[in-house]
Amino acid sequence: MRPFQYLREVDFDPPEDRAPISLVHDGKVAGILALVALLLNGLSLAALEFFRHTEADRTLISWGMYSTGDYLVPSILGSPILTKPPAFYWLQSMSISVFGTTAEWAARAPSPLFAALLTAVQYLFLRAAGGTIGLAMLGAVMIMTGGLYLELANVAEIDMTYGAFAAMSFACLYIALDRQSLRALLFGYLFCAIGFLVKGPPIVAFFLATAVLSHLWIATRSSSVTKPSLRWIVVVHLLSAAILVAIIGAWIALLTDRVGVDALWLQFKTEIVERIVIPSHRRRGALFYVVSLCSALLPWSLVALLSNISPTRRELGLSWVPPLLVPFLSIAVCSGVFLLSLAEGKSTRYLFPLFAPAMALATIAIANSRSHTLSYRIATVAGFIAVGLSAGLPFAFEAPFISRVTLTMAAGVLGVSALVLALNAQRRSALGTMASVLLLVAAIRFGEQTVFAPLRNVQHGVIPLASEIDAVVPKSAPIHTVEIFERWIPYYLQRAGRTVERATPSTAASIASSGGFEGRAYLLLTHIEEFWRVLQLQSIDTTTRIIFDSGEREDHVLVVECDARALPYLFFQRELPVVPSEPFYAELKENPLDV
């Protein structure tokens with residue numbers, strides 16, 4: 001059976017497409033979808049400077065691992081940083097090793113790879129759950145064109161890798177519950193453990209909450225799902241949980257041996273306990289995360305809503321939907337949102353482990369609409385609106401440093417792809433519409449590379465700033481930071497061949513005893529949060545001077561030159577702080593260095 005044979009049908013649930021999942025045919029389709037996702041996201045890695053300062057943080061940590069060979073304790077600019085487990089940094093270090101460069105595209109390479117994996121997993125999950133080839137392809141296309149997916153698929157961030165392992169763990173858990181499969185449950189706990197090593201405890205909480213609540217639903221509410229015995233539930237979960245405990249426990253034991261119990265407990269208390277117990281000033285409750293998740297699923301959350309607002313729509317219950325699937329997906333999403341709302345200050349990116357189950361629900365909602373006519377109409381209208389907007393873009397938008405030819409070309413590519421979408425949707429061609437959506441995303445990526453990236457690099461890039469700093473500090477002198485939180489400047493300084501380290505009590509004592517660089521030390525400080533340290537230095541050392549002030553830029557930084565012997569008087573923190581330090585002026589003799 002050819003994989004795409006029935007996709008020209010309007011109906012996503014044709015009776016002739018009821019073939020069970022096939023490792024050969026469905027493996028080919030999943031591979032093709034993964035390749036498309038890889039091309040959409042992997043060809044757009046190099047043009048843009050680091051978009052977030054956390055991209056620079058991840059890369060500096062991985063760079064440090066690769067340089068020192070210490071793959072157990074993550075460190076940044078020489079200081080241990082235990083905010084995240086090391087698995088993602090292992091992947092980035094591997095990328096740096098394979099490609100032989102620390103450039104942005106090499107640091108970002110793991111994200112499009114795992115974005116492709118997530119796409120394939122979503123397709124195979126929907127097929128394994130009983131969905132047709134067409135519907136599973138729709139689910140895969142939806143996930144690779146969702147808003148948050150596109151945002152995270154080509155950046156040097158942890159979330160895409162984390163989301164892929166979360167999707168695999170949820171898929172295995174569903175199969176284990178639906179078929180009472182010990183093997184699937186073992187793999188579910190294995191992927192959950194690896195997800196823990198990627199970003200920490202939230203995935204374990206999401207996984208266990210979904211497992212417990214799903215078992216309760218099966219036991220109390222379901223009459224059409226085979227109910228396993230309590231003994232089977234306890235035994236298989238204990239056996240499977242042993243894998244999770246063994247993997248996580250081994251890592252914690254090795255890490256404790258290196259950094260000590262106190263350091264680990266401090267990090268656990270800061271990242272987990274205090275986020276739950278201490279109210280956050282952000283006040284992000286469950287409603288905030290629900291709205292954020294719907295925004296992350298755009299445009300498909302809106303399409304799903306509009307496709308089902310008709311009073312004549314049929315009740316949920318397509319012939320292919322097993323009785324456990326919708327409750328399972330709903331439990332995964334709702335319990336995850338509730339757990340995340342307990343830690344009010346968490347970023348909305350922590351929702352990404354719920355992205356795959358939430359998008360699966362949206363896929364079912366769209367396929368469940370009484371008629372797919374409305375969905376096609378939405379796509380047609382959206383396509384023609386995009387054609388109009390792209391036609392007016394070169395005239396309404398003036399981008400400095402971007403030629404009119406480049407802007408017109410990007411708008412033309414976007415307009416043509418939008419027109420193709422509108423025409424295919426008007427013809428109600430399922431395969432054509434899905435292919436057109438992917439073509440539209442490719443056009444958006446093209447616009448990112450040709451217009452957005454050059455424009456942002458000029459307006460917000462820090463490479464010129466790093467070059468200015470490099471020029472004013474003596475070439476062989478190391479540059480030290482204290483608590484600078486946006487570390488893309490240190491990253492680009494290291495790219496330029498500079499030695500950049502964080503000043504700690506031990507490094508300050510070492511610099512003072514060795515005399516620094518010709519008796520001087522050079523500090524990179526942020527103006528807003530660390531100017532008080534300049535005043536502190538000036539009270540200690542009268543030769544302290546600001547040799548560079550970036551001025552009123554987005555990244556307002558200072559480079560301060562001082563006597564190397566002054567550094568131990570600044571009372572640096574040994575651990576990398578997670579919030580800026582309050583000004584602290586020690587009681588000192590006047591001019592203690594006697595200079």
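Four cavities of 30 Å³ or more were counted in this structure, which is a predicted model. Rolling a probe the size of a water molecule over the atoms shows where empty space is left. In the largest cavity, that space comes to about 70 Å³. Its walls are formed by V121, Q122, F125, A167, F170, A171, F328, L329, A356 and P357. Four helices each give two or more residues to this lining, namely α5 (110-128), α8 (159-179), α15 (325-342) and α16 (355-367). In terms of residue class, nine of the lining residues are nonpolar and one is polar, while charged residues are absent from the lining of the largest cavity.

From the enclosed spaces we may turn to an open one. The second largest pocket has a volume of about 780 Å³, and 33 residues line it. Nearest to the centre of this pocket lie P299, W300, V303, L421 and V437. The elements that supply two or more residues to its lining are α6 (133-144), α7 (147-152), α14 (300-307), α17 (373-396) and α19 (430-460). Among these, α19 makes the greatest contribution to the lining of the second largest pocket, with nine residues. By class, the lining of this pocket comprises 24 nonpolar, seven polar and two charged residues. Charged side chains are thus represented in the lining of the second largest pocket, whereas the lining of the largest cavity has none.

The outer surface also has a feature worth pointing out. M94, V98, F99 and W105 together make a nonpolar surface patch of about 410 Å². Helix α3, which spans residues 87-99, gives the most to this patch, with three residues. F99 is one of the patch residues and lies in helix α3. How exposed is F99? The relative accessible area of F99 is 43%, so this residue is classed as partly exposed, given that the partly exposed class runs between the limits of 20% for buried and 50% for exposed.

A residue of the same accessibility class is found in another helix: A246 is partly exposed and belongs to helix α11, which covers residues 230-259. Its relative accessible area is 47%, which means that A246 is placed in the partly exposed class. How far apart are the C-alpha atoms of A246 and A193? They are separated by 9.0 Å, although the two residues stand 53 residues apart along the chain.

Methods: Residues are numbered from 1 along each chain as its sequence is written. This is a predicted model: local features need pLDDT of at least 70, side-chain atom pairs count only at pLDDT 80 or more; totals for chains, interfaces and linings use all residues. Side-chain values use heavy atoms; hydrogens and water are left out. Patches are made of residues with over 30% relative accessible area and no salt bridge: like charges are joined within 9 Å, nonpolar side chains (Val, Leu, Ile, Met, Phe, Trp, Tyr) within 5 Å. Accessible areas come from the Shrake-Rupley method with a 1.4 Å probe; for residues, only the protein chains shown count as cover. A salt bridge is a side-chain nitrogen of Lys or Arg within 4 Å of a carboxyl oxygen of Asp or Glu. Buried means under 20% relative accessible area, exposed over 50%, partly exposed in between (1.4 Å probe, protein chains only). On a 1 Å grid over the protein atoms alone, a cavity is a set of points where a 1.4 Å probe fits but cannot get out, and a pocket is an open set with protein on both sides within 12 Å along at least five of seven lines; lining residues have an atom within 4 Å of a point. Grid points are joined across faces, edges and corners, and a volume is the space filled by probe spheres set on the points. Ala, Val, Leu, Ile, Met, Phe, Trp, Tyr, Cys and Pro count as nonpolar, Asp, Glu, Lys and Arg as charged, and the others, Gly among them, as polar.
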